[in-house]
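Colleague: Got a minute to go over the pockets and cavities in this one? Let's pull it up.

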Amino acid sequence: MVDRRQVLVGAAGTASMLATEAMAQTSPAPAATPPESPYAVTYIEVEPAQADTSRRLLARYQEALRDKGALEFAVFEQMGRPNHFAIVERWPSAKAREDNAASAPGQAFRSALMPLLIAPYDERPHFALGPPSSGTTPATLAGVFVITHVDIVPPKRDDGVAAVRTLAERSAGKAGNVRFDALVQASRLNHLTLVEAWTDATAQEAHSAANPTRSFRSALGPMSGALYDERLYALLK
């Protein structure tokens, strides 16, 4: 005679095993830990009347960091919007970057800047998508700098990142190019930042109009989660 209890227990065990296997097949794999983020890109917007004061404050802070371990600490002023600034910094490690932000000079700088701001101090840690295309500091021969925020819809992240990587690799070292780096925002892996430097506006405009760049923009369009936010800057000296 068949023992119904054994049949039921066996059936329950089989169902449980099948459910576990199904969950293993359908559940997403744990997200890989992203690389550490020694870069930071910071956007700063101050009162127009406080642009000169902010410029001097940024210059003093940059000078205070000289020989303090930064591989790069460049300050930019947006062309046509003198109350908009950006900082691109790179340190030997994420900890070195964080230690600097928490240091006395870092805290004093932010405290002095705070009353001048009309938008939050927008600091975004990044890691590089590939090896740096330039030296450790912006080349003085560059006349135009470009910082672009690229937002890719999450389902198309891999395709979008691949397109950005290809653009950076093909653009670096082209006529008039001094720098072309692609960075990934550590907190949002579908957000990227392009940091470019060109000898002059003519070279930058020629690159924007070139067929490879047009093809990139056309391919990126359907994958974008926001406008292609390209901003031109001059180096704050």
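Modeller: Sure. The second largest pocket has a volume of about 240 Å³. Of the 17 residues lining that pocket, Y43, D122, R124, D229 and R231 are the closest to its centre. It's a predicted model, so to speak plainly: local features need pLDDT of at least 70, side-chain atom pairs count only at pLDDT 80 or more, and totals for chains, interfaces and linings use all residues. Residues are numbered from 1 along each chain as its sequence is written, and side-chain values use heavy atoms, with hydrogens and water left out.

Colleague: What counts as a pocket or a cavity, and what's a volume here?

Modeller: On a 1 Å grid over the protein atoms alone, a cavity is a set of points where a 1.4 Å probe fits but cannot get out; a pocket is an open set with protein on both sides within 12 Å along at least five of seven lines, and lining residues have an atom within 4 Å of a point. Points join across faces, edges and corners, and a volume is the space filled by probe spheres set on them.

Colleague: Which strands each supply at least two residues of that pocket's lining?

Modeller: Strand 1 (39–45), strand 3 (84–90), strand 4 (122–128), strand 5 (144–151) and strand 8 (229–235). Strands are DSSP E runs of at least two residues, helices H or I runs of at least four, numbered from the N terminus.

Colleague: Switching topic, how many cavities of 30 Å³ or more are there?

Modeller: One, searching the whole structure. About 60 Å³ of space lies in the largest cavity.

Colleague: Which helix gives the largest share of its lining?

Modeller: Helix 3, with three residues.
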